[in-house]
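Trainee: I would like to learn how to read a sheet, its cavities and its pockets. Could we work through one chain together?
Mentor: Gladly. Here it is.

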Amino acid sequence: MRRPTLFVIAILFAAATVLYSAAWIYYVRRPVQVEIGIDTKSAPAWLEATNVYKNSPAEKAGLKTNDRIVAINGRGGASAAACDQLLYRTWLDSHPGDTVTLTVQRPGLSQPLMIAPVFRALEGLGDTRTAARTVAMQILSGYPVFFAVVGLAVLFLRIEDRNAWLLALVFATFITAAPLPNEFAAAPPPLQSFLLAFCTLGNSVLTELFYFFFAVFPTRSPIDRKVPWLKWVLVFIGLCLSLGGYQNGNSVALPIFDPVLSFRAAQTARMIVVYSSIFLGLISLLLNMFSVSSIDDRRKLKVIF
């Protein structure tokens, strides 16, 4: 491939990676500032109130544990992910003193209830992060920077080197390994669609590219010399078992596999591929350390190891 064409592809790849990284850093630093004092879990078409805190706005408005929230401000969700996004988008856009209208289906009652708690500023536990998670998120808030800078710098310095492309791809997938911020729900719809799709794509081949890289860098591993097709097969399987969730940012098998694979079977297969790829990558790294003859290659491997 011609050098100008490689530069165009590299610029597009860099733009996508930088946009995702910048959005991740921005939104992860924009936490929810209000609460009504509940914990929830998502279901296909509602949010269940698993805990309603004493003296909270939710309790005062009449919400009870095990109530099903089927709509927020008149809007419902068609999936568990859509329900979660609706909740976070509403919470992120609200301020203390604002009222949120919840349409609630209560066990034992045939008609839904309309409950209107008033948001308060974050306090206590309620529907907030734990202290440990808050500290962890602060530490991780700049997580993508190192991988983006190093991966893209190597790529543009060695634009015609296949291994530089592999390293850049691996580092881009490492960026998507960070927890998906719930705050992405506040992003404009086109940007949100890109962020969720980019995250799903990266996670679908993260471990498979990990093996791919060590199968060929700095030289082909003994495993790759015996089964050179394996690295491509693992990438293909990873894509098939994950890209179905591109709209929600999670790993779900493509719909064409629904007739032959249950959701649980697909997830089990996905985990087998993930751990097998990690294992093969580490084994390839170790085997290369003892099989390469070049002193320079051995030095590189020791640094990586």
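Trainee: Let me begin with one residue. In which helix does Asn163 lie?
Mentor: First, a caution: this is a predicted model. Asn163 lies in helix H6, which covers residues 162-176.

Trainee: Is Asn163 buried or exposed?
Mentor: Compare the relative accessibility with the cut-off, which puts buried under 20%. Asn163 has 14%, so it counts as buried.

Trainee: Which residues does Asn163 touch, leaving out those up to four places away in sequence?
Mentor: Asn163 touches Phe213, Val216 and Phe217.

Trainee: Now the pockets. What is the volume of the second largest pocket?
Mentor: About 470 Å³. The lining has 17 residues, and the closest to the pocket centre are Leu167, Phe213, Phe217, Lys300 and Ile304. Two of these names are familiar: Phe213 and Phe217 are also contacts of Asn163.

Trainee: Which elements give two or more residues to that lining?
Mentor: They are H6, helix H7 (189-216) and helix H11 (295-304). H6 gives the most, with six residues.

Trainee: How does the lining of the second largest pocket divide by class?
Mentor: Take nonpolar, polar and charged in turn. The lining has 12 nonpolar residues, one polar and four charged.

Trainee: On to closed spaces. How many cavities of 30 Å³ or more are there?
Mentor: The count comes to two. The largest cavity has a volume of about 50 Å³. For the second largest cavity, the volume is about 30 Å³.

Trainee: Which residues line the second largest cavity?
Mentor: Among them are Phe13, Thr17, Phe147, Leu152, Phe171 and Ile175. Helix H1 (3-28), helix H5 (143-157) and H6 each supply at least two residues of this lining. H6 thus appears in a cavity lining as well as in a pocket lining.

Trainee: What classes of residue make up the lining of the second largest cavity?
Mentor: Eight residues are nonpolar and two are polar, with no charged residue.

Trainee: And which elements each supply at least two residues of the lining of the largest cavity?
Mentor: Strand E4 (68-72) and helix H3 (80-92) do. E4 gives the most, with four residues. The lining includes Trp46, Ile69, Val70, Arg75, Cys83 and Leu86. By class, nine of the lining residues are nonpolar, two polar and one charged.

Trainee: E4 brings us to the sheet. How do strands of a sheet pair in general, and what is the strand order here?
Mentor: The general idea is that strands pair through backbone hydrogen bonds, either parallel or antiparallel. This open sheet has five strands in the order E2-E3-E4-E5-E6, with antiparallel pairing.

Trainee: Which strands stand at the edges?
Mentor: Strand E2 (38-42) and strand E6 (113-115). Each has a single partner strand, so one side of each is left without a neighbour in the sheet. Neighbouring strands are turned by 40° against each other on average, direction ignored.

Trainee: What packs on the sheet?
Mentor: H3 does, touching E2, strand E3 (47-52) and E4. The direction of H3 makes about 60° with that of E4.

Trainee: Let me go along the pairs. How many bridges do E2 and E3 have?
Mentor: E2 and E3 pair over five bridges, in the antiparallel sense. A hairpin joins E2 to E3 through four residues. To fix the register, find facing residues: Asp39 stands opposite Asn51 in E3.

Trainee: How many bridges do E3 and E4 have?
Mentor: Two, and this pair is antiparallel. Here Glu48 stands opposite Arg68 in E4.

Trainee: Which residue in E5 does Arg68 stand opposite?
Mentor: Gln105. So much for the facing residue; four bridges join E4 to strand E5 (residues 102-105), and the two strands run antiparallel. Arg68 therefore makes a useful landmark in reading the sheet: Glu48 stands opposite Arg68, and Arg68 stands opposite Gln105 in E5.

Note on methods
Residues are numbered from 1 along each chain as its sequence is written. This is a predicted model: local features need pLDDT of at least 70, side-chain atom pairs count only at pLDDT 80 or more; totals for chains, interfaces and linings use all residues. Side-chain values use heavy atoms; hydrogens and water are left out. Buried means under 20% relative accessible area, exposed over 50%, partly exposed in between (1.4 Å probe, protein chains only). Contact means heavy atoms within 4.5 Å. On a 1 Å grid over the protein atoms alone, a cavity is a set of points where a 1.4 Å probe fits but cannot get out, and a pocket is an open set with protein on both sides within 12 Å along at least five of seven lines; lining residues have an atom within 4 Å of a point. Grid points are joined across faces, edges and corners, and a volume is the space filled by probe spheres set on the points. Ala, Val, Leu, Ile, Met, Phe, Trp, Tyr, Cys and Pro count as nonpolar, Asp, Glu, Lys and Arg as charged, and the others, Gly among them, as polar. Two strands pair if DSSP finds at least two bridges between them. Axes are lines fitted to C-alpha atoms, for helices over the stretch in contact, and angles run from 0 to 180 degrees between N-to-C directions.
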